[in-house]
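Biologist: Please take one part of this model and go through it closely. I would like one connected account.

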Amino acid sequence: VRGPTLGSREETMVALYWYDRLALAREDERALPFLVDFFAEG
Amino acid sequence: LGAVTYPDDRVGALLATSFRLVRLDIAQREPDTRELIRMARPLWTPTLLFLDPHGAEVRRAVGYLPPEQLLLEAEIALGLVDLLHARNGEARARFSEAADSYPQGHAAPEALFWAGIAAYRKAGRDRAVLAREWSELRKRYPESGWWKRADVFADDKSPS
């Protein structure tokens, strides 16, 4: 995920990606931080 | 945020280069999404959660943010990540630059507050450095709540 994503599709994939990246980040002190945007449609 | 703030070129550039962005619709019912929502417990939308690379929360912003306010929030979050990982010089530079770039931003006084702490740590916890840095906070935002927090350490009290 690079930059903003649009809409709410593939949320599960995004969440899994986040978990994966967190696991990888533990190995890399200079890994990028996360910005998690909780939003509601409508 | 999706209609105005994210399409802003400056916002897009900063988020694309400095963060891994995840957007979660709180109405989604997939188990993984629900687990993240249970963990973060957003009280309102939008809620922006800034996490360091290990997943530690460093900042949270609730409610709509126009582009410049989000840029300032994001810069402060990046500075806090630097501070958390003892990159004090980088943190100080980022906080100062953020305050200079967005002087009207609601979080600009906070940026100067943290700039002082980063400089203090970089200088080996030199109280004179902290006083000098925070004098700028007092000068620019004398009515700010952040200056009032800094004022506790003025004169004869030492910060912890």
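Modeller: Here is a close look at strand 1 of chain A and its partners in chain B. This is a predicted model, in which local features need pLDDT of at least 70, side-chain atom pairs count only at pLDDT 80 or more, and totals for chains, interfaces and linings use all residues. Residues are numbered from 1 along each chain as its sequence is written, chains are lettered from A and ligands numbered from 1 in the order in which they are written, and side-chain values use heavy atoms, without hydrogens and water.

Strand 1 of chain A spans residues 34-39. Strands are DSSP runs of E with at least two residues, and helices are runs of H or I with at least four, both numbered from the N terminus. Six of the six residues in this strand are buried. Buried means under 20% relative accessible area, with a 1.4 Å probe and protein chains only. One side carries Phe34(A), Val36(A) and Phe38(A). The other carries Leu35(A), Asp37(A) and Phe39(A). Both faces are covered.

The strand pairs with two strands of chain B. Pairing requires at least two DSSP bridges between the strands. Strand 1 of chain B, residues 20-25, runs parallel to it and is joined by six bridges. There, Leu35(A) stands opposite Leu21(B). Strand 2 of chain B, residues 47-51, runs antiparallel, with five bridges. Here Asp37(A) has Leu48(B) as its bridge partner.

Now the partner chain. Chain B has seven helices and three strands. Their order is α-β-α-β-β-α-α-α-α-α. Of its 160 residues, 53% are buried. Its C-alpha atoms fill a box of roughly 55 × 30 × 25 Å along the principal axes.

Definitions and conventions
Buried means under 20% relative accessible area, exposed over 50%, partly exposed in between (1.4 Å probe, protein chains only).
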